[in-house]
Amino acid sequence: MIRFIRQVFFYCLVLCLLSLAGTQAAAGEISDATWECLDCHAVVHPGIVQGWRLSRHAATSPSEAMQVQGLGRKISSTDVPGELSETVVGCAECHVLRPDKHADTFEHNGYLVHTAVSPDDCGVCHDTERDQYRQNIMSHARGNLLDNAVYQDLMTSINGTPVRRGQELGIEPSGPETEAESCLYCHGTRLEVAGTELRETVMGEMEFPVIAGWPNQGSGRINLDGSKGSCAVCHTRHQFSMAEARKPDTCAECHIGPDVPAVKVYKASKHGTIYASHNDSWDFSPTPWTVGQDFTAPTCAVCHISLITDTEGEVVAERTHALSPRLPWRIFGLIYAHPQPASPDVTSIVNKDGLPLPTALDGTPASDFLIGKKEMDKRKTAMQGPCLACHDQGLVREHWTRFENTIERTNRATLTATELMQEIWTKGYATGPASGASLFDEYVEKVWSDSWLIQANHIRLASAIAGGGDYGVFAEGRYELNGKIRELHDWLRLRDGLQADR
Amino acid sequence: MIRFIRQVFFYCLVLCLLSLAGTQAAAGEISDATWECLDCHAVVHPGIVQGWRLSRHAATSPSEAMQVQGLGRKISSTDVPGELSETVVGCAECHVLRPDKHADTFEHNGYLVHTAVSPDDCGVCHDTERDQYRQNIMSHARGNLLDNAVYQDLMTSINGTPVRRGQELGIEPSGPETEAESCLYCHGTRLEVAGTELRETVMGEMEFPVIAGWPNQGSGRINLDGSKGSCAVCHTRHQFSMAEARKPDTCAECHIGPDVPAVKVYKASKHGTIYASHNDSWDFSPTPWTVGQDFTAPTCAVCHISLITDTEGEVVAERTHALSPRLPWRIFGLIYAHPQPASPDVTSIVNKDGLPLPTALDGTPASDFLIGKKEMDKRKTAMQGPCLACHDQGLVREHWTRFENTIERTNRATLTATELMQEIWTKGYATGPASGASLFDEYVEKVWSDSWLIQANHIRLASAIAGGGDYGVFAEGRYELNGKIRELHDWLRLRDGLQADR
Amino acid sequence: MIRFIRQVFFYCLVLCLLSLAGTQAAAGEISDATWECLDCHAVVHPGIVQGWRLSRHAATSPSEAMQVQGLGRKISSTDVPGELSETVVGCAECHVLRPDKHADTFEHNGYLVHTAVSPDDCGVCHDTERDQYRQNIMSHARGNLLDNAVYQDLMTSINGTPVRRGQELGIEPSGPETEAESCLYCHGTRLEVAGTELRETVMGEMEFPVIAGWPNQGSGRINLDGSKGSCAVCHTRHQFSMAEARKPDTCAECHIGPDVPAVKVYKASKHGTIYASHNDSWDFSPTPWTVGQDFTAPTCAVCHISLITDTEGEVVAERTHALSPRLPWRIFGLIYAHPQPASPDVTSIVNKDGLPLPTALDGTPASDFLIGKKEMDKRKTAMQGPCLACHDQGLVREHWTRFENTIERTNRATLTATELMQEIWTKGYATGPASGASLFDEYVEKVWSDSWLIQANHIRLASAIAGGGDYGVFAEGRYELNGKIRELHDWLRLRDGLQADR
């Protein structure tokens, strides 16, 4: 009885709260099923319910959204199922969608609910974005990492626990908990139903699935319907904000560290300092997004993803959730910078040395698996669209010249580092690929990997983002790159000297 | 005469300024004594006076504040002295309070004034917070550091000036100026009256006390009334803002560096990126603070300190200025992570090796001085309250499982590093504890201390704050941790080889 | 015909857009010449045109600006040419100014236009600021770096590409593209007309000059009229915002990296955390800028540049675009901290060793080229003006005592490092100045340069900015400084041991 009264009270409260949100919610009706969710979850999970209330989803039905034509349209599907189209997009609309597709579907208060909403669920209304995202290398981030023997070796050397084995230093492999909060935090876990459990809740005891790999919002997460990725990586549940995805801090979740310091570099660039000083007067919500009118300097999304128009309404850049249409070069994460891979699934790449890498250890690209000059030019042109909305052709061309010079220079430095490393392996001062040993488990090998995984990446990102200055020089830039290569050389020559003395 | 006219002019100006602030100040009257302070200080120190004008203190009297009952109440004392209760809390209310308790009390224009206001002063109105803060390990930060022989050794190795002594590298001890802006900047100086001095002021020559150790707002500062700490460390004088203390940047003053990178990690976490994108639409002022309604992602204060309610008004987490009620594990600053100490004063801790550390060098906890399983569970439950306002039990449990896995793994890595260090000491390649030498004054010892003081802390904080990704991997994370331990190993084996060659 | 219609359409659109900006633009008329620019550029470069629309320049004519007298005046010239004074400051007013002075002047639609607007152009209306900036060491940043043989050696070691030459590690010199995005990104490129080119534009084929060194907004850029610097380095074109220059992120573009981490340190200081928490309620626009009323904690500009008044309207600090009037010490970028140079052009400095450095390798200052005690005291007094608007004399004096103690201590540590380096050179373990070799091209030399170029700078900036705590200790602070010097010592002793074993 008390529970019943409590429930009635909850219901009234929710009604009351939602009526307060009248200006937003007036435009659309909430489905009965979502009302039932809110009945409890507005109280037990107020944070996410309130977040949702602030969303467009809570204010608009698909049928209303589909009435918008042209560049302002936010819903790409033209065939949203009738039962979804007339109410706003609430809890039930996503968590009860496609129940037969999700391995975690369970009976919950009379509904077949699943916990982990996937890009294929989102794709019911946003099919273009879903399709584009499948072509995004980020959606393959898990397989591209885990199915690569060289990177498996690197991961073990990083995530394993060092232990002493006699006079040697061994490594105890990591487990799923460590992986989930290190590499796979961004690359994505594989979600799997590991069983069910009973939980005590405010509504009494209830049964829920136990999902291994959860939580995770890695960009390459393997979902329980087999789809890849998570839209929440950039559009955090349950506000699913476009504005959020347009702000650079959002990208920082995966692109701040020294191996891929994009946002760090951006914040020290001219564009980033303009953003910092003026973004409070910008408008991050309109679709399309108008350069000059809505913002006066690019964020990450402006250059890489968003639909941008000029003040005349002409398209400056087309929206792409694949990213690749504006990316000619791949400048981080691998030993050498190289043209983007032709397929977002890079697991089939083999270089001339037989290694699963897009370049050989001497830098030769595995060209059969990479895009060609013509495609690179096309992507460069697309990428430069937003630049030309503020800058003249000469400036943009010179920026690009500097960037490609930096690619060439950093690749050249990496070649020097790699030749030194190979001499060290050849002379037996460290154990290397010839003996089947790890490339990454000795101190001197870390000095080598630093030079390309940290410093060369920093320098190239600083160049690409025009964040030159300190991030291209002292902050893991050229000063550190030259320092690392000199350390390799010094290390090698000391051992040469010791060898000679014997 | 000119001075008199000037003073009248000042007075009018202040009246005028304060009347402009009418909407705030209307609620309370300013005491005569505070009017006298403002008479001059509004002009000679306009920055702090204006800051105070923006405060709640300038707008509310204790008697008004005490009329608020329930969770919205901001003043915890029930027995504020009558002479303080009817006027707003201005200059005189704090700086003339308890004059006989403060060693820096001096006669100033007819008042017995003290410069350094202490937690015991604040406690006249906020006694619960004062009492809680006494139980906060942060209020003992000075003694816990300075009264520990191992940490004294570490401090000397850091703050001392390296000098050459023949073929050896010596260290010249630092002085109070260096200490005040390094370790004691956060841990707290000891304030002491070092004499008095005459100063030329706009009001003519005046006498003031000279306070050694001032300025300082370290969390464990020893005040001139014998109390510990400074409320201004989080609630900066003279605005004393609750909103400020709820924002993560405030914590950054002491929790940004590589030994304790909490805010750095937070900013790259999902919660931190939501904060960055949306905090301009949040409300940081209400008491209590309602999840979902006032904010949609936690800041540092949400998880560790603030009184949080749900939209029904139910308490999600109780306010604590002790912090410990929500802290089961101590994850940074020491060699190994371990259960929180039982007392905030940790100076009596002795481990099984006889060292004043909460774990032995092999990781064995000094359990007699640490909280037990039951208390840890209670604190874990309190800590998870805010998590469960947005997330389901399964997600929260898995987060905790990953966190405790990381504690275990990083402790295991630290054991490996420490065993290598001990072998180095035993073999005489470095001078260590057996000969009474410093643990921290040789290069290889720094490689060892890096591994636990920098990298293991980074990894655990990244795990705790769910800021995984780069800060758990490349940015002083597992990549660097393994690198340091391999450097230790390589360093040791090189010397083994040289020894064998002799 | 289509082009004509399009052009008419553009014109209407621009009119329309500008009428929307009525509240701002009403105050001033746009010149016919600028209308002609806008006719096309509002469409082809909407980003910069909209930025300009948000500027004061777009809303005010010089004659209106000159009507303001006293501290609120923003235009320092008293003799603005008549043809400029009655219209707002638009495209043509700057880009068609002084055509005979600019080497890049070209005919463009009937106008003699130049691309790169210089401080001497800005100086037509802002002559005081132009004159002050000429005395700013930042305007000499290019020559001071490039015309110094020691720094040339350092630059080569940083920006050159390491290559293997037999058993040696050589360095391939960098080129202008690398320089432009590394050191010269901040220090400034030399702009030079390298020819002309035809470009396809929306208006058909047009001829433009090709400017080598462009783009660049380094503070010491050499312009095509021979002037030095770029006002856009702090007041980004085309909004030219005073508010922007007053925010710390703007300074971060050149002052964030480890060699000069001013903004990084500021953000972890008490002042920086107040800024982070409260700046959204501050007013960055007024002239003069009133402490307490407009802001409650200093930004970079408050202490170093801006005209600050108190709430009475009394001047707390005078505006200076030279910076030097508030800078007694030079604390970064050189081997030892020392009094500021007497002239902003430091190329004539020679120390007692004959090197072009303001101190000898043993720290002895080249006093003939540096300011004396009296000038230092005068600058210290000016610098402390803003401090005293919030703090008492005792606090400010103690801050300064700590700062000068830190200068002395870090210089002492640098002396130890340098003596170790000299012993290494003398013993031939590295090749040094005696043999005419580079001071910076070997690993151990980098350990030495780290100690003063990175760590000592960090510690001094943390001290100066009262950002003590972690940035003075662990984050490239004293912990790392002592670590580097111990590494130097360990490196040297290992080689001594090997030598003895031979």
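Helices, which are DSSP runs of H or I with at least four residues, and strands, which are DSSP runs of E with at least two, are numbered from the N terminus. The model shown in these views is predicted, and local features need pLDDT of at least 70, while side-chain atom pairs count only at pLDDT 80 or more and totals for chains, interfaces and linings use all residues. Residues are numbered from 1 along each chain as its sequence is written, chains are lettered from A and ligands numbered from 1 in the order in which they are written, and side-chain values rest on heavy atoms, with hydrogens and water left out.

**View 1. A cis peptide bond in a loop of chain B and another in a loop of chain C**.
In chain B, the loop between strand E6 (204-212) and helix H14 (242-246) holds B:His238, and the peptide bond that leads to B:His238 from B:Arg237 is cis, with omega near 5°. In chain C, the loop between E6 and helix H14 (242-246) holds C:Pro215, and the bond from C:Trp214 to C:Pro215 is also cis, with omega near 5°. For comparison, most peptide bonds are trans.

**View 2. Positive phi values at A:Asn109 and C:Glu476.**
Most residues other than glycine have a negative phi. A:Asn109, in the loop between strand E1 (106-108) and strand E2 (111-113) of chain A, has a positive phi near 55° although this residue is not a glycine. C:Glu476, which also is not a glycine, has a positive phi near 60°, and C:Glu476 sits in the loop that runs between helix H22 (468-473) and helix H23 (478-501) of chain C.

**View 3. Hairpins in chain B and chain C.**
Two strands count as paired if DSSP finds at least two bridges between them. In chain B, strand E3 (residues 161-165) and strand E4 (residues 168-172) pair in the antiparallel sense over 5 bridges, and B:Arg165 stands opposite B:Glu168 of E4(B). The hairpin formed by E3(B) and E4(B) has 2 residues between the strands, and B:Gly166 in the turn has a positive phi of about 60°. In chain C, strand E5 (residues 192-201) and strand E6 (residues 204-212) are antiparallel partners over 9 bridges, with C:Gly195 opposite C:Val210 of E6(C) and 2 residues joining the strands in a hairpin.

**View 4. An open sheet of 3 strands in chain A**.
The strands of this sheet in chain A follow the order E7-E8-E9, and their pairing is mixed. Strand E7 (289-290) and strand E9 (315-317) of chain A stand at the edges with a single partner strand each, so one side of each has no neighbour in the sheet. E7(A) and strand E8 (residues 308-309) of chain A run parallel over 2 bridges, and here A:Trp289 stands opposite A:Ile308 of E8(A). In general, the strands of a sheet pair through backbone hydrogen bonds.

**View 5. A salt bridge inside helix H19 of chain A**.
A salt bridge is counted where a side-chain nitrogen of Lys or Arg lies within 4 Å of a carboxyl oxygen of Asp or Glu, and over all chains the structure holds 77 of them. One of these joins the side chains of A:Glu375 and A:Arg379 at 2.8 Å, N to O. Both residues, A:Glu375 and A:Arg379, belong to helix H19 (residues 373-388) of chain A, where they are 4 residues apart, about one turn of the helix.

**View 6. The interface of chain B and chain A**.
Contact means that heavy atoms lie within 4.5 Å, and 66 residues of chain B and 81 residues of chain A take part. Together the two chains bury about 6000 Å², 53% of it on carbon and sulfur atoms, where buried area is the accessible area (1.4 Å probe) that two parts lose on being put together, summed over both. Across this interface of chain B and chain A there are 7 salt bridges, and the side chains of A:Lys446 and B:Glu480 meet in a salt bridge at 3.2 Å, N to O. On the side of chain B that touches chain A, the elements giving two or more residues are helix H17 (270-278), helix H20 (393-426), helix H22 (468-473) and helix H23 (478-501) of chain B.

**View 7. Chain B superposed on chain A**.
Copies are superposed by least squares on the C-alpha atoms of residues with pLDDT of at least 70 in both. A rotation of 120° with 0.0 Å of shift along its axis brings chain B onto chain A, with an RMSD of 0.0 Å, and the two copies are therefore related as by a three-fold rotation axis. The copies use different surfaces, since 3% of the contact residues of chain B recur in chain A.
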